Amino acid sequence: PTPMSRQTIDKENSTDGDEIRLTPGDLIGTLHPLSNKQINSRILTATTESSNCEFIRFSSRDFQRISTQIRQRQLARKVQLLQPLPQFKMWPQLSINRFAESLQWRHIDPDTIVTNQGQLSPFMAFIKSGSCHVLRKIVAMHKLRNGKREERLKQVIIGKLTAGQSFGEISVLIHQPISCTIVTATQVECAVVTLEEAKSIDPILCSMLKHSSQPTFAHVTEKEIAEKYSQQEAQREWEQSKHKLMEESLYYCGVTPGEGKWSNQPRNHDIPNST
């Protein structure tokens with residue numbers, strides 16, 4: 001490859017005698033041939049100023065070999081993720097490999113809203129690790145403090161997505177709004193294809209994936225969502241009642257958490273059967 005420094009000379013102000021001083025941490029050379037330039041065309045020449053200069057030399061041949069190995073390992077990880085998924089079970093191995101090449105790894109933090117119900121999913125994702133909550137909107141009666149009730153839009157958790165599952169394929173492939181909201185419950189590692197990147201995938205692969213995929217949690221009926229909402233509301237009311245009862249009991253016994261001796265951590269001999 002043609003030698004080239006990562007520092008550049010202003011072409012407008014440069015002359016044949018311009019020099020660049022390289023210091024520790026600087027680079028010279030390139031691992032890829034430059035366009036319209038012959039190998040070893042010597043655009044720049046580097047000379048040492050002292051006899052104790054040390055370099056780490058990395059040849060373009062080694063770079064190409066290591067890059068190929070890294071790409072192969074990355075592709076193998078993606079293929080290993082796709083193969084067990086139901087939508088890929090009938091796919092030829094060559095087609096899986098070609099589709100895997102379009103995937104990019106992504107890490108998503110907990111409590112991140114990945115998709116919103118009624119909007120296009122920003123990407124299709126195949127989960128390698130972690131989990132996501134799947135929520136659906138429902139119109140439900142909300143009890144006000146004065147005892148009256150009114151209709152409000154509520155989010156109901158209808159399921160969970162874990163490692164080995166996916167979402168967003170149909171939304172990305174046919175530009176159809178996704179039918180649920182997806183929020184990460186933990187740190188999630190997944191392989192994704194964005195809306196923009198999906199345009200460059202072979203149409204045949206897109207057609208195959210479209211016919212083998214199903215909308216995320218499309219099987220959940222409105223009746224089931226209403227039942228899940230009732231269960232969640234009952235659990236929430238029980239937690240509130242339990243907390244209120246605990247506070248009243250502590251107050252009746254003269255216990256005020258965070259004040260006086262109740263602000264100290266208990267010692268071993270204060271806890272029954274601690275030894």
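In which helix is Ala76 found? Ala76 belongs to helix H1, which spans residues 60-82; helices (H or I, at least four residues) and strands (E, at least two) are DSSP runs numbered from the N terminus. The model is predicted, so local features need pLDDT of at least 70 and side-chain atom pairs count only at pLDDT 80 or more, while totals for chains, interfaces and linings use all residues. Residues are numbered from 1 along each chain as its sequence is written, and side-chain values use heavy atoms, with hydrogens and water left out.

With a relative accessible area of 43%, Ala76 is partly exposed (buried means under 20%, exposed over 50% and partly exposed in between, with a 1.4 Å probe and protein chains only). A distance of 8.7 Å separates the C-alpha atoms of Ala76 and Ala100, which are 24 residues apart along the chain.

The largest nonpolar core (buried Ala, Val, Leu, Ile, Met, Phe, Trp, Tyr and Cys residues joined through side-chain atoms within 4.5 Å) has 22 residues. Phe123, Ile158, Leu161, Phe167 and Ile182 have the most contacts inside this core. Two or more residues come from each of strand E3 (123-129), strand E4 (132-143), strand E5 (149-161), strand E8 (188-194) and helix H6 (222-252). Another core, of 21 residues, lies apart from the largest one and includes Val79, Leu85, Ala100 and Leu173.

Leaving aside neighbours within four places in sequence, Leu161 is in contact (heavy atoms within 4.5 Å) with residues including Ile127, Val134, Phe167, Ile182 and Phe217.
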